[in-house]
Amino acid sequence: MLELSGIKKSFGRIEVLHGVDLSVRSGEIHALLGENGAGKSTLTKILCGILQPSEGEIRLEGKMHKFTDYNDAIDHGIGVVFQEFSLIPYLTAVENMFLAREIRNSVGLLKRAAMRKRAAEIMQQLGIAIPLDVPIRSLSVAEQQFVEIAKALALNARILVLDEPTATLTPAEVEHLFKVMRGLREQGVAIIFISHHLDEIFEICDRITVLRDGEFVASCPISEVDQDRLVEMMVGRRIESSFPAKPAIPPDAHVVLDVQAVQLRRNGPISSFQLRQGEILGFAGLVGSGRTETALAMIGAYAAARCKLLLNGVETRFADPAEALMAGIGLLPESRKEQGLITSFSILQNVSINNYGKYLFGHFFINRTKELEDTVSAMKQVQVKAQGPMARVDTLSGGNQQKVVIARWLNHNMKVLIFDEPTRGIDVGAKAEIYQLMREFTARGYSIIMISSELPEVIGMSDRVCVFRSGGIVATVEGAAINSEEIMMHATTGRNKNVA
């Protein structure tokens with residue numbers, strides 16, 4: 001149905017795609033895989049006409065074609081659901097689905113009833129019940145994801161590209177998305193699926209194509225590879241284990257944080273926990289269980305009904321995150337692009353932005369030499385891969401962007417780090433690097449709270465795990481009890497797995 005052959009793309013003198021091939025059949029789910037920076041996004045933009053290839057051929061149903069722009073690709077049945085939604089929050093689902101492609105009568109007036117009827121038909125086809133006449137901003141992330149898919153189908157897409165569609169979905173929502181994808185496959189729609197979650201690839205995909213550093217590596221049925229082989233194809237080396245060995249935390253290790261009471265809402269559950277020096281304390285639970293809110297309440301970023309904590313034995317109450325920052329607590333937020341970075345700024349500016357006070361001299365001047373030295377040192381510590389400290393953050397891969405946030409807190413001499421979804425949207429190679437960094441930090445005396453929706457990550461990295469449900473901690477598990485059955489039983493029912 002679709003064939004790209006010998007695709008090359010250069011930006012100036014730099015070639016980022018080096019003769020990539022991709023062949024997608026009608027009625028299949030085809031995974032496009034590779035680390036951040038492998039060339040997946042560039043190839044996708046060429047496919048949908050946003051970028052033009054420097055060399056190579058595109059064949060659609062056997063015929064040569066060159067998409068002049070995005071609208072041309074849409075006209076030829078190619079729909080793309082980008083990782084960053086393209087919906088207008090103040091418009092309804094129907095208005096978004098037909099934006100710039102409205103159904104009109106002979107004199108140019110909108111046929112609103114016809115558009116709503118067609119939208120309802122598409123939603124029924126997808127097996128989704130979504131309010132069609134309310135602003136998009138009032139819908140959940142999962143519902144917005146399905147509106148994006150419906151929008152592509154409203155434009156008669158026969159080839160659908162899904163870029164990290166499960167990144168912000170719950171397990172139940174992912175399963176429903178997969179049900180929708182299987183239904184579209186049965187209808188003959190070709191789906192290109194981009195995901196860093198390898199378990200999803202093996203569950204839903206028929207074939208795979210792997211890119212590495214802008215090069216075509218391989219294309220084959222998913223049945224011909226296992227997870228270890230797939231990782232090796234993506235990163236160019238075998239990763240024996242993503243998770244570093246866990247050190248033994250002494251029972252009498254210094255308690256850095258003693259959170260004696262956090263109550264998110266009045267009359268709600270009261271949570272308490274301790275964070276010891278050199279440990280990674282996992283926060284697990286379903287989306288909406290209160291994991292992130294509890295961490296934010298601790299640093300004054302969430303207006304909890306009650307919060308009492310001791311920092312190094314001293315009772316402390318932070319009015320805002322700035323006070324927590326001054327006390328040595330840093331946050332790597334869930335959304336690094338929106339909350340953790342100014343992507344149009346350089347690495348140097350992002351690393352220094354909360355810390356200009358230590359570079360001031362004479363009240364008005366900044367010691368640029370010292371600022372540069374500290375930034376380069378922090379970049380080396382976390383192994384940021386970039387052309388230099390003046391490189392713009394939006395030119396970096398997701399993994400390197402996350403490392404820039406970490407570098408900022410190292411530059412600030414933090415001793416407690418809160419990692420909220422530390423590897424979301426990051427490839428397997430970068431994940432292993434982030435995990436290694438976290439263990440290196442704890443070996444140097446740092447303490448980490450890690451909030452994660454990924455159970456393998458929680459199990460593989462945590463020394464102890466606080467399990468959340470309905471706004472509070474229902475259990476703290478350690479040792480052999482850190483397993484998926486135990487954690488999910490607490491998270492879903494609040495009971496121990498051995499309790500009938």
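A search of the whole structure, a predicted model, finds six aromatic pairs. One of them joins F243 and Y435. The ring centres of F243 and Y435 are 5.0 Å apart, and the planes make an angle of 35 degrees. This geometry is classed as tilted. The pair links distant parts of the chain, with the two positions 192 residues apart. F243 sits in the loop between α8 (227–235) and β11, whereas Y435 belongs to helix α15. The partners also differ in exposure. F243 is partly exposed, with a relative accessible area of 27%. Y435 is buried, at 2%.

A further tilted pair is formed by F283 and F468. Here the centre-to-centre distance is 4.8 Å, and the planes stand at 55 degrees. F283 lies in strand β13 and F468 in strand β21, so the contact ties together parts that are 185 residues apart in sequence. F283 is buried, with a relative accessible area of 0%. F468 also counts as buried, at 0% relative accessibility. F273 joins F283 and F468 in one aromatic cluster.

Both strands of this second pair belong to an open sheet of six strands, ordered β16-β19-β20-β13-β21-β22. The pairing in this sheet is mixed. The edges are taken by β16 (329–332) and β22 (472–478). Each edge strand has a single partner, so one of its sides is left without a neighbour in the sheet. On average, neighbouring strands are turned by 20 degrees against each other, direction ignored. Strand β21 (residues 464–469) pairs with β22 in the antiparallel sense, over six bridges. Within this pairing, V465 stands opposite V477 of β22.

Two helices that pack on the six-stranded sheet are described next. Helix α15 (residues 428–443) touches β13 (280–284), β19 (416–420) and β20 (447–451). The direction of α15 makes about 150 degrees with that of β20. Helix α17 (residues 484–493) touches β13, β21 and β22. For α17, the angle to the direction of β21 is about 25 degrees.

A separate arrangement involves four strands, which form an open sheet in the order β12-β11-β14-β15. Its pairing is antiparallel. Strands β12 (270–276) and β15 (314–316) are the edge strands, and each pairs on one side only. The average turn between neighbouring strands of this sheet is 15 degrees, direction ignored. Strand β14 (residues 306–311) meets β15 in the antiparallel sense over three bridges. L309 stands opposite T316 in β15.

Helix α9 (residues 291–298) lies across β11 (255–263), β12 and β14. The helix runs at about 110 degrees to β11. L296 lies in this helix. The residue is partly exposed, with a relative accessible area of 21%; this value falls outside the buried class because that class is limited to under 20%. Beyond its neighbours within four places in sequence, L296 is in contact with A301, Y302 and L331. L331 is 35 residues from L296 in sequence, yet the C-alpha to C-alpha distance is 8.8 Å.

Lysine side chains also lie over aromatic faces. K9 is placed over the face of F11, at 5.3 Å from the ring centre. K415 lies over the face of Y446, with a distance of 4.9 Å to the ring centre.

Notes
Residues numbered from 1 in each chain as written. Predicted model: local features only at pLDDT ≥ 70, side-chain atom pairs only at ≥ 80, totals over all residues. Heavy atoms only, no water. Pairing = 2+ DSSP bridges. Axes fitted to C-alpha atoms, helices over the stretch in contact; angles between N-to-C directions. Contact = heavy atoms within 4.5 Å. Buried < 20%, exposed > 50% of the residue type's maximum accessible area, 1.4 Å probe, protein only. Phe/Tyr/Trp six-rings, centres within 6.5 Å; stacked < 30°, edge-to-face > 60°. Lys NZ or Arg CZ within 6 Å of the ring centre and 35° of its normal.
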